[in-house]
Amino acid sequence: NPDLIILDIMLPGGGGLHVLKKIRLVPGISMTPVVILTGNTDEKIKKDIESEGVDAYIQKPYDYDVLSVTVKKLLTK
């Protein structure tokens with residue numbers, strides 16, 4: 001099982017929100033920390049994503065240091 005998932009919301013075939021919802025239903029990975037990276041600025045989508053229990057939401061273009069600190073923090077929980 002993964003220790004952490006980095007997910008882009010803009011994916012083909014249903015998008016990352018669909019993938020996120022599926023992740024939260026799979027035993028064994030449902031509690032895996034999820035970091036969202038996205039260039040999408042739609043506030044409704046952001047609220048939908050946050051309601052699924054993501055651990056971090058990072059807007060693109062992102063700062064590598066912010067991503068690195070976020071990942072390290074989530075992996076040491």
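**View 1. I49, a buried residue of helix α2.** I49 is buried, with a relative accessible area of 0%. This is a predicted model, so keep that in mind for every view here. I49 sits in helix α2. Setting aside residues up to four places away in sequence, I49 touches I9, L17, L20, I36, V54 and Y57. Take I9 from that list: I49 and I9 are 40 residues apart in sequence, yet C-alpha to C-alpha they are 8.7 Å apart in space.

**View 2. The largest nonpolar core, with I49 as one of its members.** Twelve residues make up this core: I5, L7, I9, L17, L20, I23, I29, V34, I36, I49, V54 and Y57. β1, α1 and β2 each put in at least two residues, and α1 gives the largest share, with three. L7 is a handy residue to click on while you're here. Leaving out neighbours within four places in sequence, L7 is in contact with G16, V19, L20, V34, V35, I36 and L37. There's also a second, separate core of eight residues, and V35, A56, V71 and L74 are among them.

**View 3. Helix α1 and what covers it.** Helix α1 takes in residues 15-23, and its buried residues are G15, G16, L17, L20 and I23. What lies over them? The cover on the buried residues of α1 includes β1 (5-8), β2 (34-38) and α2 (43-51). Two residues from the earlier views turn up again: L17 and L20, both buried in α1, are both touched by I49.

**View 4. T70 in helix α3.** Helix α3 covers residues 64-75, and T70 is part of it. Is T70 buried or exposed? With a relative accessible area of 16%, T70 is buried, because the cut-off for buried is under 20%. Not counting residues up to four places away in sequence, T70 touches V35, A56 and I58. V35 and A56 should look familiar, as both belong to the second core.

**View 5. The cis peptide bond between K60 and P61.** Zoom in on the backbone here: K60 and P61 are joined by a cis peptide bond, with omega at about -10°. Where does P61 sit? P61 is in the loop between β3 (56-59) and α3.

**View 6. Stepping back to the whole chain.** The protein chain has three helices and three strands, and from the N terminus on they run β-α-β-α-β-α. For 77 residues, a compact globule would have a radius of gyration near 11 Å, and the 12 Å of this chain agrees with that. Along its principal axes, the C-alpha trace spans about 30 × 30 × 20 Å. Buried residues account for 38% of the 77. Looking at contacts between residues at least 6 apart in sequence, 50% join residues at least 24 apart. On the outside, the chain exposes about 5000 Å², with carbon and sulfur atoms supplying 57% of it. As for charge, there are 10 positive and 10 negative side chains, and the centres of the two sets lie 4 Å apart.

Terms used
Residues are numbered from 1 along each chain as its sequence is written. This is a predicted model: local features need pLDDT of at least 70, side-chain atom pairs count only at pLDDT 80 or more; totals for chains, interfaces and linings use all residues. Side-chain values use heavy atoms; hydrogens and water are left out. Helices (H or I, at least four residues) and strands (E, at least two) are DSSP runs, numbered from the N terminus. The radius of gyration is taken over C-alpha atoms; the globule rule is 2.2 Å times the number of residues to the power 0.38. Buried means under 20% relative accessible area, exposed over 50%, partly exposed in between (1.4 Å probe, protein chains only). Contact means heavy atoms within 4.5 Å. Accessible areas come from the Shrake-Rupley method with a 1.4 Å probe; for residues, only the protein chains shown count as cover. Lys and Arg count as positive and Asp and Glu as negative; His and the chain ends are not counted. The place of a charge is taken as NZ of Lys, CZ of Arg, CG of Asp or CD of Glu. A nonpolar core is a set of buried Ala, Val, Leu, Ile, Met, Phe, Trp, Tyr and Cys residues joined through side-chain atoms within 4.5 Å.
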